[in-house]
Amino acid sequence: LERRRSRFAWTLTFTMVVIYFGFILTVAFAPSILATPVGTGVTTVGIPVGIGVILIAFVLTGLYVHRANTEFDAAIDRIVEKHA
């Protein structure tokens, strides 16, 4: 159980680190990509991409919480019942 939970948490962590540093490296080394205007307004590609990074963080947190509340907590309850 601990190995599964740890592997899942590290997978989500690695995913978020790749997404975040990908965004930061794009800002640092290819800012023209994020500076491309969206449509005819003043909004650039960087704004929705930045919002997407934040939303992905929420989604990954939600995935962890959902799995922790369903699969991991159920497994802990079974272990406690077995050894109680």
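**Note on a salt-bridge network and helix α1**

1. Within helix α3 lie both Arg-67 and Glu-71, four residues apart, which is about one turn of the helix. In this predicted model, the two form a salt bridge whose closest N and O atoms are 2.9 Å apart.

2. Glu-71 has another partner, since Glu-71 also forms a salt bridge with Arg-4, and there the closest N and O atoms are 2.6 Å apart. This pair links distant parts of the chain, with Glu-71 in helix α3 and Arg-4 in helix α1, 67 residues apart.

3. The structure holds two salt bridges. Through the partners that salt bridges share, Arg-4, Arg-67 and Glu-71 are joined into one network.

4. Are these residues buried, partly exposed or exposed? Glu-71 has a relative accessibility of 26% and therefore counts as partly exposed, because buried would require under 20% and exposed over 50%. By the same cut-offs, Arg-4 counts as partly exposed at 34% relative accessibility, and Arg-67 counts as partly exposed at 24%.

5. Helix α1 covers residues 2-29, and at 1.5 Å a residue its 28 residues should span 40 Å; the C-alpha atoms at its ends are 39 Å apart, which agrees with that expectation.

6. Which residues of α1 are buried? Among them are Phe-8, Leu-12, Met-16 and Phe-23. What covers the buried residues of α1 includes α2 (31-34) and α3 (46-83), and α3 is also the helix that holds Glu-71, the salt-bridge partner of Arg-4 in α1.

Conventions. Residues are numbered from 1 along each chain as its sequence is written. This is a predicted model: local features need pLDDT of at least 70, side-chain atom pairs count only at pLDDT 80 or more; totals for chains, interfaces and linings use all residues. Side-chain values use heavy atoms; hydrogens and water are left out. Helices (H or I, at least four residues) and strands (E, at least two) are DSSP runs, numbered from the N terminus. The expected span of a helix is 1.5 Å times one less than its number of residues. Buried means under 20% relative accessible area, exposed over 50%, partly exposed in between (1.4 Å probe, protein chains only). Contact means heavy atoms within 4.5 Å. A salt bridge is a side-chain nitrogen of Lys or Arg within 4 Å of a carboxyl oxygen of Asp or Glu.
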